[in-house]
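Ready to practise reading a protein model? Grab a pencil and work through the exercises below, then compare your steps with the solutions.

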Amino acid sequence: HTAYRRQRQMCIRDRGGSMVLPFIGRSAVNWRGDLRLFCLAFLPPATHVGLLWMLTCGFLWFRGAMRKPDSTRISSPSRKLQSKGYITGLDQMRGIAILMVITFHFLYATFHYGALGWNGLFPNLNHSATFLLVSPLTFGFGGVGLFFAISGFCIHLSYEKTKAQGWGAFFRRRLFRIYPPYLIALLVFAFFYPPTRYALTSLTDFKQFYSEVFLCFNLHPSTRWPVNGSFWSVAVEMQLYLLFPFVYWLSRQLGWSAVLTLCFISETAAIWSGWLFDSEPPFWITNGPFHYLFSWTIGAKLADDYTHDRPLCLHWVPLPIWLALLTLSLVFRPLSGISFMCFSLTGVALIARLITGQLVWDSQSRIGRHLAWLGVSSYSLYLFHQPILNTVAGTITRLSDCLLYTSPSPRD
């Protein structure tokens, strides 16, 4: 136990005592430089030409991915077997996603780091046997990627069903569905929960609190740490809702292939710009909605195909290919930046198979009922779980320290 505690401290702090992330390490700068030299050696000499080449390849790939061969088209009668208002298995997907997120946060609260880190191009396995045993839980962050895919699908489906009422009614429904529970959670953790409540004795505390009230704390580095770490995705979701009318309008003007290409460029540029070049992009790009625009919009594209009885996007790609790409992004460092996107793409592929009936979930089984309950309650669980988990994990750690390091007094 003592060796584990020392190892944990070494993973958190470097020689100078400054805080660093365990998966970055002191060799990160050299690795980034090697990757930049590799890219510049194999791409055209001019950097902008190299970027243009990559973006062109991405455009051609997604243009082809959005088209489906005639032989694999799904007939409308088979799709009409299910109501367009409810898709069996979607709540179970939400339940799996919230379980992934909760286990990941509990792992992080217990070990104080939630990733294996990297040893060159591959994961670092130089950890305790206990952490290696539970290391698959470190991929639980992908549950948020599944949530983004489901959110994009459901938001577009909801608007298509009620678009005759206009955008005003749509935003009122979304606001009263998302914001009141968020505001309650914010007030509880900011004023009533002792481990997290704000003292509100300085201008910084007031600035942080009001940035969370207006869901813009993720756009500036001075307010990047909310009272509840899970709030970041709620802020991104609300900002994506604001972008949705523009995305919807572009899809009607330019087509979905062009829109997804633009969204893919937006997300990949936010991911890779800080890795390939020394300059750091603006904070509102790397942590704002543009960083997750494609991962959310691809779900909206699937909903549009579903509501208009068109071939479902990405449905023709075999599911093992998505799983292989997801696995590769988790174990190969140069692709680790797109792991969130791969989770979202896998989620869209799963939703497409739920729609067509290729993937059937027994909703009457015990596991199915429990997962459906978790899925229905997932938003409330997401809003409240992390600070409570941190408190529970801290209490368990202190109790274990007392049991291990406090021995009873000897009897005479």
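**Exercise 1.** Which residues form one aromatic cluster?

*Solution.* Keep in mind that you're looking at a predicted model. The cluster is made of Tyr159, Trp167, Phe170, Phe171, Tyr241, Phe244, Tyr248 and Trp296. Across the structure there are 33 aromatic pairs, and the next exercise looks at one of them.

**Exercise 2.** Work out whether the rings of tryptophan 167 and phenylalanine 171 are stacked, tilted or edge-to-face.

*Solution.* Step one is distance: rings pair if their centres lie within 6.5 Å, and these two centres are 6.2 Å apart. Step two is the angle: under 30 degrees would be stacked and over 60 edge-to-face. The planes sit at 35°, so this pair is tilted. Step three is to place them: both residues belong to helix 8 (residues 166-192), four residues apart, or about one turn of the helix.

Now try phenylalanine 171 with phenylalanine 170. Their ring centres are 5.4 Å apart and the planes meet at 70°, so you call this pair edge-to-face.

**Exercise 3.** Sort tryptophan 167, phenylalanine 171 and phenylalanine 170 into buried, partly exposed or exposed.

*Solution.* Here's the cut-off you need: buried is under 20% relative accessible area, exposed is over 50%, and partly exposed is in between. Tryptophan 167 has 26% relative accessibility, so it counts as partly exposed. Phenylalanine 171 comes out at 26% too, so partly exposed again. Phenylalanine 170 has a relative accessible area of 0%, so it is buried.

**Exercise 4.** What sits over the ring of tyrosine 248?

*Solution.* First, recall that Tyr248 is one of the cluster members. Then look above its ring: the charged end of arginine 252 is there, 4.3 Å from the ring centre.

**Exercise 5.** Check the span of helix 15 (residues 339-356), then decide why it is called largely enclosed.

*Solution.* Count first: helix 15 has 18 residues. From first C-alpha to last, helix 15 reaches 26 Å, close to the 26 Å expected at 1.5 Å a residue. Next, look at burial: 16 of the 18 residues are buried, so the rest of the structure largely encloses helix 15. Finally, step just past its end, where glycine 357 takes a positive phi of about 85°.

**Exercise 6.** Which helix gives the most to the nonpolar surface patch?

*Solution.* Start with the patch: Phe106, Ile388, Val392 and Ile396 make up about 310 Å². Helix 17 (residues 378-405) gives the most, with three residues. Isoleucine 396 is found in helix 17, and at 46% relative accessibility it counts as partly exposed.

Key. Residues are numbered from 1 along each chain as its sequence is written. This is a predicted model: local features need pLDDT of at least 70, side-chain atom pairs count only at pLDDT 80 or more; totals for chains, interfaces and linings use all residues. Side-chain values use heavy atoms; hydrogens and water are left out. Helices (H or I, at least four residues) and strands (E, at least two) are DSSP runs, numbered from the N terminus. The expected span of a helix is 1.5 Å times one less than its number of residues. Buried means under 20% relative accessible area, exposed over 50%, partly exposed in between (1.4 Å probe, protein chains only). Rings of Phe, Tyr and Trp (its six-membered ring) pair if their centres lie within 6.5 Å; planes under 30 degrees apart count as stacked, over 60 as edge-to-face and the rest as tilted. A charge sits over a ring if NZ of Lys or CZ of Arg is within 6 Å of the ring centre and within 35 degrees of the ring normal. Patches are made of residues with over 30% relative accessible area and no salt bridge: like charges are joined within 9 Å, nonpolar side chains (Val, Leu, Ile, Met, Phe, Trp, Tyr) within 5 Å. Accessible areas come from the Shrake-Rupley method with a 1.4 Å probe; for residues, only the protein chains shown count as cover. A salt bridge is a side-chain nitrogen of Lys or Arg within 4 Å of a carboxyl oxygen of Asp or Glu.
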